[in-house]
Amino acid sequence: MRKLLLFIFLFCGFAIVANSQQKTVTGTVTGADDGLTIIGATVQIKGTTTGATSDFDGKYSIMANEGDILVFRFVGMKSKEEVVGAANVIDVVLELDDVGLEEVIVIGYGTAIKRELTGAITKVSTEGLAETPNVSFQSAIQGKTAGVFIEQASGKLGETVKMRIRGSSSISADNQPLYVIDGILVTSTNLSHAGNQPTSPLADINMNDVESIQILKDASAAAIYGSRASNGVVLITTKKGSAGATKFNVSYTTGISEPSRLMEWLNADQYLELFDEALNNVVDGSGLVWGWLTPEQMKDRYLGDQWTEGWDTDWQSEAFQKGSFNRINISASGGSEKGGFYTGFSYDNTVGILRGNSMNKLNGRINIDQTPTDKFKFGFGMNLMRSEMDRVENDNAFATPLQLVAQAPVTPVIDPETGEYNKNTIYYNGLISLRDSENNQISFRTLTNAYAAYELVKGLTLRSEFGADILDMREKNYWGRETIGAGPGGEAQNRSVRVVNYNFDNYLTYSTVFNAHDINLVGGMSYQQSMTTGSDIEGKGFPTDDFQNIASAAEATSFSSWETGTTYLSYFGRANYKLMGKYLLSASGRLDGSSRFGIDNRYGFFPAGSAGWIISEEDFMSGIENTLSYLKLRTSYGLTGNSGIPDFAHLALFSGVNYAGRNGLDPTQLASSELGWETTAQFDIGLEFGFFNNRVTGEIDYYNKQTTDLLLYMTLPSTSGFTGVWSNIGALENKGWEFAFHSNNLVGSFKWSTDFNISFNKNKVLDVSGPEITPNSINYVMEGEAIGVFKIRKYAGVDPDNGDALYYLEEGSNETTTNWNLAETQVVGSPNPDFTGGMTNYFEYKGFDLNILISFVYGNMVYNGGGRYQSANADWWDNQTLDQMDRWQNPGDKTDIPQARFAEGNGTRHSSRYLSDASYLRIRNISFGYNLPANLVNKIKMSNARVYIGVQNLYTLTNYHGWDPEINWIGTGQSTQTTNIVQGYDFYTVPQARTYSLGINLSF
C-alpha cells in the first residue's frame, strides 16, 4: 500500500519541460445557424491543458506551435478541430449539435436514436461507475434515474438489492425487473439456502466491462418483452472493440470501510441504574420480584458475579470490523475495419464491515465481433465468473454478530477465568460462532452469447442469437460443537444448486427510407428454457471441529434433492414509422407461452402503441431555436405481463416421503388449471425539451399503471391440508410523475454540470377479493391502501401521572387506554416513499474533476422490530439504547418513554412506538480525480493516466432512530409474497458501509 501511494505521488509530481517555438494565434468563433459570435467558446490545444475562451465579441487568443491541433467547443455545438499552420488567424464556424439527442439507445431487439424514441427509456451514464466501491451494479446506479427506486437490503456483502421501476406491480408474483445482458435473459433470483438472507446473482457483474445500461419503463418500450416486462426491463451491454491499434487499460482501486452510522447504547453505570430502577419498580410488599428474589439476587442469577466486577463492554464494537477492498482491472481492446475484440480480467477482494463477512470475485470476459463481408456479421462473447462469500447467520439469529448489542455491558467479552470467549452472557455469545463455524458460498458462472446477422436483400437482415447463463453454486456450512444448537458433536450442511438458463432468438429487421418516410420493422421468435437442479444434505456428530466434511458425520440428519424448470415460446414484432423527421409512430406486440400456466391460459398477447411529435421541427418554432432548442411530445399505451411465480404453480403436486421406513406420496399443492397471466396496462405521456442550444435539457413523464388478474397466493383454511393456492384475483395501480433535468451551468475552462431527478409514485391496492393479507401482523395488504402498510396499535405516549404506556382506542379518536388489547389496530404509516430522487454535480478544471452524487427518499416509514428488545425501558436484560434514560420517573414527567418496569411489557408490544420516519438525504458518492496532461503521459508512451480518491456514504441526514434508514430486511425462508409485503422492517439490520477509496487508471 505504501509503495502504491509513493508511486502515485511520484508519478503525479513528475514533470517534463519542453522548449519549442510558439506564436500567438487569434480568431473569431461564430455560429453556423445565425452567424452571430459565440461568447465563452473554449479553445484548447489537443492533448494538453492549455486553453483559452472567446470573449464578448467571440474573439480568442492562444499561444501555440505550428502543427498543434486546436479544438473548439461550445455547449450545444459540434466541436471542431483546426491545425495551426503558417497563418496567425484562424476563424471558426461551429454547427448546432443535438447534444445527447443523437446518441444510440439500445432497445429490445435493436437500437434507436434517442430523439426518435416514443417510449420512456432512460440511458444511465456508466462513466466513473467502475471507480466506485459498489458490490452490485444496482447500487452503482442508485439515485441516478427517475422512476427507479433502488434499496439495498443491508450492509452485508452480496445480498439482494430491491429495484422497483415505477412501483410494485404485484402482491404475490415477482416485482423485480427483467435483466438482459447482451441479449441473455439472465438468472437474477436468489439461490441461497432459505435459512439465511437472500443473495443476488447480479453481484457477479463487473462494472468495468459494462458499456451502457438502458432501463425500459413504459409499455411501449417494454412490451416487446411481453410476459416479463410489467416490472420494467434493464438492458446491459458490454464493451466491444473498435477499429484501431490495441488499447490497454489497467486500473487499481483500494480502500477502507466503516459503518456509516452507529447507535448509542447504555454504558455499565447507566445499565445498572436503569435496571435497578426497573427491578425496584416491580417488587412486591416483601421486597421481592415476582415474590421470588430480591433485585440484587435477580442480577446475580441472570448477570452472574460479573456485574459487580467493573466491566464496561462496548458490544457494538465487537460486531464490526474495519472493512477493506482491493480491486484490479486489466482490459485490452482493438480491431480493424473487419472486426474488433474486447477482453478483460478483474479481481475484487472485499472485507465487509461486519465481522465474519467477506467476498472475493474473479471475472474474465472476451467479446469478438467480425464483419467478413458487407452483408455478413457475427460475434461471440463469454464471461467467466467465480465469486466466494464468507457469510454470517441471518439477522434473526443470536449467532449473527449484530445481535451482540443485546448483551449487558457489565459482562466481558473474554471470560477472565478461562481466557476464552465468555459463555456466561445473558444470551448466546455470537463471537463463538465467528470462531467455530464456517458459512461459505462459492459460485461459478458462465455467460455466453453468440450471434450472426446476414443482409438478405437491401434493408432486410436476418439475425440469430443464442445466449446461455450457467450458474453453479455450492454452500458449505459447519457449526462447531460449542456453537448454539450444534452440540454436542457439531453439525454440517452441504448444498449445491445448478441453473442452466438459455434463450434462442431469430428475427428479421427491415429498414427503408423513401421521400419523407422512414420505416423500421422487426419480427421474430424467441425460445427460453431454465432448468434448476439441487441437493442438500445435513449431518451431525463429528470427531472434532477439525473434521468438517459431511463424510465425517456420524449421522445424516436430513437430505433432499429437487429439479424444476420452465420454458417460454414467444413471437414478437415491432413497427416504427417516422414522417418528415418529426412525426413518430410505433407499434409492438408479443405472444408469449409459458409452462407456468394452465393449458387453457398458457398464451398471452401483449400489444403496445406509441406516438411522438418533435414540435421543435415545425416551421412555427423557427426563430426561437436558440431559446427553445428542442421540444418533443410523446405518449404510449400498452399491456405487459408478469409470470414471476414458482414453476408448476398450476399443477397438483406430490412429494415422495419416508414414513416409518416406508415410502409414500404426500400431496403438497392443489391444482389451479385456469391459472393465467397477470397483466399490467400502462398509459404514459411525456415531454422532452431543451433550452439555450440544449444547455438545459429535461424530461417530464406522467404514467398510470393498472394491474389486473393478480397472481395471488390465496390462503386456505388449515383444515384443507394446504396452505394456499395460486389464483388470478385482484387488482392494484401505480400512478406517478417523473422529472429529470440536465444543465451545463458553466462552460469554458471551468465546467460545471448538474443532473437532477425526482419521482412521485402512488401505489394502491384496488381489490384482493378476500380478507386482508399479512405475513407478520405488522405489514398488510388491504384495499384502498399501498402494499405493505403498517397496521398496528397507535401509540399515544405516556400517562404523565403514572408512567403507563398509552394507546389510542380507535382510529380518529383521541380517547386512550393503557390496555393494549382494547386498542384497535389501524393504518399508521407506509413503507412506500412519497418521492425519491438524486442529484449529481460534476466539476472540471484543467485536468481535475469532482463528482458529487446525492440521493434522497422522503415519506417512507420503517418499523424497528428489534425495538421491542433494545428500546424497551428495561423490560428484559437486553442492553438498551441511550434514549431509554429519558424514561418516566415521577408524576408530571413528560416523555414518550414509559416507566421502567422489569418484565411487565409496559409499552413494549407491537405499536407505532417503534415506527419511525425513514426519510433521508445521503451524500452517496464523492470522487475527486486528476488526469495527467496528455503531453506528459504521451512522452512515457501512455495515452492517459488518472488518479482519484473517493468516499461513499459520507453522511446521511435522517431522523430515523435505528442504524440506517435504508433497509430492506428479508427474513429467512420467505415467499415472494412475503418479501413483497414485508417492507420497511428493521431487525438488527446491518448499516451501509462508509468507504474511502484511492485508485489509479492507466491507458496505453
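The following conversation concerns the cavities of this predicted model.

Visitor: What makes a space in this model a cavity?
Guide: A cavity is a set of points where a 1.4 Å probe fits but cannot get out. By this rule, the count comes to eight cavities of 30 Å³ or more.

Visitor: How much space lies in the largest cavity?
Guide: About 420 Å³ of space lies in the largest cavity. Pro133, Val135, Gln152, Leu157 and Ala993 are the closest to its centre, of the 31 residues that line the largest cavity.

Visitor: Why is Pro133 called a lining residue of the largest cavity?
Guide: A lining residue must have an atom within 4 Å of a point of the cavity. Pro133 is among the residues that line the largest cavity, and therefore has such an atom.

Visitor: Which elements give two or more residues to the lining of the largest cavity?
Guide: They are strands E18 (323-336), E19 (339-351), E49 (944-958) and E51 (993-1003).

Visitor: What classes of residue make up the lining of the largest cavity?
Guide: This lining has 16 polar, 10 nonpolar and five charged residues.

Visitor: What is the volume of the second largest cavity?
Guide: The second largest cavity has a volume of about 310 Å³. Of its 28 lining residues, Phe149, Gly167, Asn761, Asn832 and Pro833 are the closest to its centre.

Visitor: Why does Gly167 count as polar, and Phe149 as nonpolar?
Guide: Gly is placed among the polar residues and Phe among the nonpolar ones, so Gly167 is polar and Phe149 is nonpolar. By class, the lining of the second largest cavity has 12 polar, 11 nonpolar and five charged residues.

Visitor: Which element gives the most to the lining of the second largest cavity?
Guide: E37 gives the most, with four residues.

Conventions
Residues are numbered from 1 along each chain as its sequence is written. This is a predicted model: local features need pLDDT of at least 70, side-chain atom pairs count only at pLDDT 80 or more; totals for chains, interfaces and linings use all residues. Side-chain values use heavy atoms; hydrogens and water are left out. On a 1 Å grid over the protein atoms alone, a cavity is a set of points where a 1.4 Å probe fits but cannot get out, and a pocket is an open set with protein on both sides within 12 Å along at least five of seven lines; lining residues have an atom within 4 Å of a point. Grid points are joined across faces, edges and corners, and a volume is the space filled by probe spheres set on the points.
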